[in-house]
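Colleague: Got a minute to go through this one with me? I'd like to talk about charged side chains.
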Amino acid sequence: MNVIDVHSLAAELGVASAVVLRAVADLGGEARGNSRLSAELADDVRAHLRAGGSNGNGNPLFSVSLPRTTASRPQMPTVGPAFAPTTAESRPRQQARPADPFAAAPYSLEEQLADQAQATAVSDEWRAAGLGIHDRHIIEQCERNGLTPQDLRVRVDGRTMASRLKNGESISSVKSRLAQQA
């Protein structure tokens, strides 16, 4: 006995599986989405859908109600915003930032490569002092307080200044130890 599943028949006819299930119900049969139909029932479904299904309009797509789309929904009246939109003039404390003077200047490939080489050399110095990429906050504090990678290599009481900073010692304490050392 030849059988065909509902999804394959729907694909063959170019309709949704729900349309095939509705046609089976119209013909007095019973099926679910994972059901298989006999060859005779499948032929009857094909003929029924080509004839226009139970609604008689010649289009099988209308034999099952399709979900409503956004475009088919009735439009609701819109309500204006509760607060007026703000502009830069209405926010005097939030002034526009001045343009970056470096962004406007042309930046050649040679200049980019030179800057990259310089940045690499600086990061190598910090790495040699004992600070890595994850210690960026310590490096920034050192730069703000005038400490150099050479300062962080100095050993006092058997420990380098970099290890003291990594273990939570304050910048001011490290600076005073360096001053005593000198």
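Modeller: Sure, one term to begin with: buried means under 20% relative accessible area, exposed means over 50%, and partly exposed is in between (1.4 Å probe, protein chains only). This is a predicted model, where local features need pLDDT of at least 70, side-chain atom pairs count only at pLDDT 80 or more, and totals for chains, interfaces and linings use all residues. Residues are numbered from 1 along each chain as its sequence is written, and side-chain values use heavy atoms, with hydrogens and water left out.

Colleague: OK, how many salt bridges does a search of the whole structure find?
Modeller: Nine. A salt bridge here is a side-chain nitrogen of Lys or Arg within 4 Å of a carboxyl oxygen of Asp or Glu.

Colleague: Are Glu 169 and Arg 164 buried or exposed?
Modeller: Both are buried. Their side chains meet in a salt bridge, 3.4 Å from N to O. Salt bridges with shared partners also link Asp 157, Arg 164, Glu 169 and Arg 177 into one network.

Colleague: New topic: what does Arg 22 pair with?
Modeller: Asp 26, with the closest N and O atoms 3.6 Å apart. The two sit four residues apart in helix H2 (residues 17-26), about one turn of the helix. Helices are DSSP runs of H or I, at least four residues, and strands are runs of E, at least two, numbered from the N terminus.

Colleague: And why does Arg 22 count as partly exposed?
Modeller: Because its relative accessibility is 38%. Asp 26 is partly exposed too, at 32%.
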